[in-house]
Amino acid sequence: MMKKNIKKILASAAALALLLGNFAGTGMTVVKADSREMPVYVTDEETGEPVADIYLMLESKSESAEDIIFDEPTDEDGYVLYEPLTLKSGVTYLLKPTEDSECTSEETIEVVGGRNYYGNFIKTVNGQNYTGEDIDLFVQDNRGEKPVVSEISSISSSIDKVNEDGGVAAITVNGKNLPEEVYCQLWYESAIGAQVQVSDEKVSMSGDGTQKKFDIDIPSYIQYPKAVKWIVRVSLDGGAQGWDSAVIDVVKEAK
């Protein structure tokens, strides 16, 4: 699905309609429209963010054809549109960042050019007939420092049950680039399924960037007699991206 360049799409559609109109009544059949533009989206494979302000190139694998550098850099969405004005027919090219862009790409995207009566077009991409689809290019962006991306992959509790006296649960947080503090909420659930929030605070953690821990007090039955389970919720951003939870059941002693 095309993400941008609606005017160019409409113009191409109009040109195709005109072409079909010219062939009407001649007995000629148009099998497909050859693609004369290739939209490319460049993404940082580490952060998942678009990579702006870099130039791409088509590196020729043939001694008979020169490398092609795109006329414009990627925009803020990592997008650039390539039009194959100088693409050589039958030549295989590799789509990649230019050497001075300070970006590299390990993936291989092969582009083969074609030519017909109407000019140059993009024949295949990675061996498949190309009809104008978006091309996603993932790169390693080596320009300066990147924003630190932190995320939680899971949390767990050292206990899954607590008696009426309550107790202490050691919460383990797993993830990437974990900070020194996280948001933590404590909730209880009643026998009818109602959930009630008891606390909401930032807590300090200890450990490394991929695994950290903190302790949380689980209240007693005397304080919250309706509680049948406790829910510990953890977030890096106060819940904007959701909460990861650990559940601790309350086991009541037989009277």
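Buried residues have under 20% relative accessible area, exposed residues over 50%, and partly exposed residues lie in between (1.4 Å probe, protein chains only). The structure is a predicted model, in which local features need pLDDT of at least 70 and side-chain atom pairs count only at pLDDT 80 or more, while totals for chains, interfaces and linings use all residues. Residues are numbered from 1 along each chain as its sequence is written, and side-chain values use heavy atoms, with hydrogens and water left out.

**Salt bridges**

A salt bridge is counted when a side-chain nitrogen of Lys or Arg lies within 4 Å of a carboxyl oxygen of Asp or Glu. By this rule there are four salt bridges. Three of them are listed here, including their N to O distances.

| Pair | N to O distance |
|---|---|
| Lys96 and Glu59 | 3.3 Å |
| Asp141 and Arg143 | 2.9 Å |
| Glu180 and Lys212 | 3.0 Å |

The salt bridge of Glu180 with Lys212 links distant parts of the chain, 32 residues apart: Glu180 is in the loop between strand E13 (167-176) and strand E14 (181-189), and Lys212 is in strand E17 (residues 211-218). Strands (E, at least two residues) are DSSP runs, numbered from the N terminus. Glu180 is exposed because its relative accessibility is 54%, whereas Lys212 is buried, at 2%.

The salt bridge between Lys96 and Glu59 also joins distant parts of the chain, with Lys96 in strand E5 (residues 92-97) and Glu59 in strand E2, 37 residues apart. Lys96 has a relative accessibility of 27% and is therefore partly exposed; Glu59, at 23%, is partly exposed.

In the pair of Asp141 and Arg143, Asp141 is buried at 11% relative accessible area, and Arg143 is partly exposed at 29%.

**Sheet**

Strands E4, E1, E10 and E6 form, in that order, an open four-stranded sheet with mixed pairing. Strand E4 (79-82) and strand E6 (103-104) are at the edges with a single partner strand each, so one side of each has no neighbour in the sheet. Two strands pair if DSSP finds at least two bridges between them. E6 pairs with strand E10 (residues 135-141) in the antiparallel sense over two bridges, and Thr104 stands opposite Gln140 in E10.

**Charged patch**

A patch of negative charge on the surface gathers Glu66, Asp67, Glu99, Asp100 and Glu102. Patch residues have over 30% relative accessible area and no salt bridge, and like charges are joined within 9 Å. Asp67 lies in the loop between strand E2 (56-60) and strand E3 (68-69). Asp67 is partly exposed, with 43% relative accessibility.

Conventions. Patches are made of residues with over 30% relative accessible area and no salt bridge: like charges are joined within 9 Å, nonpolar side chains (Val, Leu, Ile, Met, Phe, Trp, Tyr) within 5 Å. Accessible areas come from the Shrake-Rupley method with a 1.4 Å probe; for residues, only the protein chains shown count as cover. Lys and Arg count as positive and Asp and Glu as negative; His and the chain ends are not counted. The place of a charge is taken as NZ of Lys, CZ of Arg, CG of Asp or CD of Glu.
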